[in-house]
Amino acid sequence: LCGVKLRNPTILASGFLGTTADLLVRVAENGAGAVTSKSCSLEPRKGHANPVVLDWGHGFINAVGLSNPGVEEEVKELKKATGKAGVPVIASIFADSVKNFGAIAEKISEAKPAFIEVNISCPNVESEFGRPFSSDPAVAAEVTEAVKANTRIPIIVKLSPNVADIKSIAKAVEQAGADAISAINTAGPGMVIDVESAKPILANKVGGVSGPAIKPIAVKCVYDICSAVEVPVVGIGGVSTGIDAVEMMMAGATAVGIGSAVYYRGIGVFKEICSEMSSFMQSHGYSKTSDFRGKALE
Ligand SMILES: Cc1cc2nc3c(=O)[nH]c(=O)nc-3n(C[C@H](O)[C@H](O)[C@H](O)COP(=O)(O)O)c2cc1C
């Protein structure tokens, strides 16, 4: 991935177990090819009131609200994690303005992560920050340029599926200097109503949808992005099995992010997905992932 060798193509997605160095190291020890930290902002954020996450039967709906300890504390945790993880650590950042994206990129670089993932796509903070940065190609490019200007670490820009034309956003961030793209963040927002109380279950009422239900949306987004840009793409969204990972890579992804499936299958999911991929490759005569990467695009 951008010249960084991963021992396997599975990556822990941001927001799952990635809140401390110990957790990132634990996921690495359990087989992930790389690990991504929970998105972090310049200042600490409390996030939304509970309940913030619900398993609604076909995946999650969440409105965690990007709770995090702020970049000062995050740098300390990431320094510990990069020293111990033994796999590339990806630091996820977000901000409320283009200028602050630049500022946090500079600060987080002190921890020397292998990549910075630029989360321009969280659907849970719209009311506070206005529209997500990922919904406009010009704004997405401005954020990318601001981050690139403030770090020498390769950056992965994380896109949202909740846009009319994801190809134009992907092209804009590539042109602005993104080294890679990850997609997708959660879809929606959606809502789940408790019919007994006749109220939305999440305190925030609406939340981003993830897990198996969004996989076809994620595959389509990755397919579209890979047909529009040259930079590598990390495919995220509903990947729960080795076959899902193969599908994502056939859409053009270089690696796959795994989030909700950590909950469904446990921390062993990374090793299991790799072994399921290996079985598929053996039975189909593929010796390396590049044998089938992007095959569906041909
Ligand atoms: C509880 C929860 C918290 C999340 N937190 C973050 C986050 O902090 N930053 C981010 O970029 N994505 C976050 N995500 C999105 C995931 O990284 C991922 O893009 C999405 O869940 C789709 O992948 P999945 O279907 O494998 O879960 C979060 C998702 C969930 C369910």
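Helix α8 spans residues 242-250, helices here being DSSP runs of H or I with at least four residues, and strands E runs of at least two, both numbered from the N terminus. Gly242, Asp244, Ala245, Val246, Met248 and Met249 of α8 are buried, that is, under 20% relative accessible area with a 1.4 Å probe and protein chains only. These buried residues pack against α7, β13 (233-236), β14 (255-258) and α10 (269-284), with contact taken as heavy atoms within 4.5 Å. After α8 comes Gly252, and its phi is positive, near 120 degrees. All this comes from a predicted model, where local features need pLDDT of at least 70 and side-chain atom pairs count only at pLDDT 80 or more, while totals for chains, interfaces and linings use all residues. Residues are numbered from 1 along each chain as its sequence is written, and side-chain values use heavy atoms, with hydrogens and water left out.

On to the cores. The largest nonpolar core holds 83 residues, and Phe101 and Leu159 touch the most other members; such a core is a set of buried Ala, Val, Leu, Ile, Met, Phe, Trp, Tyr and Cys residues joined through side-chain atoms within 4.5 Å. Helix α7 (residues 215-228) supplies the largest share of this core, seven residues. Leaving aside neighbours within four places in sequence, the contacts of Leu159 include Ile120, Ile166, Ile181 and Ile225. A second, separate core has twelve residues, among them Leu6, Ile11, Ile90 and Ala255.

Elsewhere, Ala21, Asp22, Leu24 and Val25 of α1 meet Glu77, Leu78, Lys80, Ala81 and Lys84 of α2.

Notes. Buried means under 20% relative accessible area, exposed over 50%, partly exposed in between (1.4 Å probe, protein chains only).
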